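Work through the exercises below with the sequence and the coordinates open side by side. Each task is followed by a solution that proceeds in steps.

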Amino acid sequence: LVKNADGHDIPALYRAFSGLAAARSAAPRVLLADTIKGRGVPALVRNPMCHVQTLRPDEVDRLVEDVK
């Protein structure tokens, strides 16, 4: 059993997990959460390096200001 959900939508994730937990099946269950790297931080959106790059303190300060 496979379910998809918007990985940035907490209620959608909850519904998907609940549906999988309630499924009456011996088959494996999988939740695919569709997400966008860096979502919410304009300078990092869809940047494949945003999960691995090291930011300098001044870069962190700038990014925090961007999301305020």
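**Exercise 1: Val64 and the loop facing it**

Val64 has a relative accessibility of 39% and therefore counts as partly exposed, in a model that is predicted.

Task: In which element does Val64 lie, and how far is its C-alpha atom from that of Val41?

Solution. Begin with the assignment, which places Val64 in helix H2, a helix covering residues 57-67. Next, take the C-alpha atoms of Val64 and Val41, which are 8.2 Å apart although 23 residues separate the two along the chain. A second pair can be treated in the same manner: Pro42 and Asp66 are 24 residues apart in sequence, and their C-alpha atoms are 7.3 Å apart in space. Pro42 belongs to the loop between S2 and H2, and because its relative accessibility is 57%, it counts as exposed.

**Exercise 2: The two sides of helix H1**

Task: Establish the span of helix H1, and then decide which of its residues are buried and which are exposed on the other side.

Solution. First, consider the geometry: H1 comprises residues 10-22, 13 residues in total, and its first and last C-alpha atoms are 18 Å apart, close to the 18 Å expected at 1.5 Å a residue. Second, collect the buried positions of H1, which are Ala12, Leu13, Ala16 and Leu20. Because these residues cover an arc of only 100° around the axis, they lie on the same side of H1. Third, turn to the other side of the helix, where Ile10, Tyr14, Arg15 and Ala21 are exposed. Finally, look for what covers the buried residues of H1, and strands S1 (2-6) and S2 are found among the covering parts.

**Exercise 3: Strand pairing and the crossover**

Task: In which sense do S1 and S2 pair, parallel or antiparallel, and what is the handedness of the unit that they make with H1?

Solution. Start from the bridges: S1 and S2 are paired in the parallel sense, over 5 bridges. The register can be read from individual positions, since Asn4 stands opposite Leu32 in S2, while Asp6 stands opposite Asp34 in S2. Adding the helix to the two strands then gives a β-α-β unit made of S1, H1 and S2, and this unit is right-handed.

The residue Asp6 merits a separate step. Asp6 is placed in strand S1, and at 37% relative accessibility it counts as partly exposed, because this value falls between the 20% and 50% limits. Leaving out residues up to four places away in sequence, Asp6 touches Ala12, Leu13 and Asp34. Its C-alpha atom is 15 Å from that of Leu20, a residue 14 places away in sequence.

**Exercise 4: The nonpolar core**

Task: Which residues form the largest nonpolar core, and which element gives the most to it?

Solution. The largest nonpolar core consists of 5 residues, namely Ala5, Leu13, Ala16, Leu20 and Leu31. H1 gives the most to this core, with 3 residues. The contacts of one member, Ala5, can then be listed: apart from residues up to four places away in sequence, Ala5 touches Ala12, Leu13, Ala16, Leu31, Leu32, Ala33 and Asp34. As general background, nonpolar side chains in soluble globular proteins tend to be buried together.

**Exercise 5: The loop between S2 and H2**

Task: What is notable about the phi angle of Arg46, and which residues are in contact with Arg39?

Solution. Arg46 is located in the loop that runs between strand S2 (30-34) and helix H2 (57-67). Its phi is near 60°, which is a positive value in a residue other than glycine. With a relative accessibility of 60%, Arg46 counts as exposed. Arg39 is also placed in the loop between S2 and H2. Once neighbours within four places in sequence are set aside, Arg39 is in contact with His8 and Val45. The C-alpha atoms of Arg39 and Met49, 10 residues apart along the chain, are separated by 13 Å.

Notes:
Residues are numbered from 1 along each chain as its sequence is written. This is a predicted model: local features need pLDDT of at least 70, side-chain atom pairs count only at pLDDT 80 or more; totals for chains, interfaces and linings use all residues. Side-chain values use heavy atoms; hydrogens and water are left out. Helices (H or I, at least four residues) and strands (E, at least two) are DSSP runs, numbered from the N terminus. Buried means under 20% relative accessible area, exposed over 50%, partly exposed in between (1.4 Å probe, protein chains only). The expected span of a helix is 1.5 Å times one less than its number of residues. The arc is that of the directions from the helix axis to the C-beta atoms. Contact means heavy atoms within 4.5 Å. Two strands pair if DSSP finds at least two bridges between them. A crossover is right-handed if, with the strands pointing away from the viewer, the path from the first strand over the helix to the second runs clockwise. A nonpolar core is a set of buried Ala, Val, Leu, Ile, Met, Phe, Trp, Tyr and Cys residues joined through side-chain atoms within 4.5 Å.
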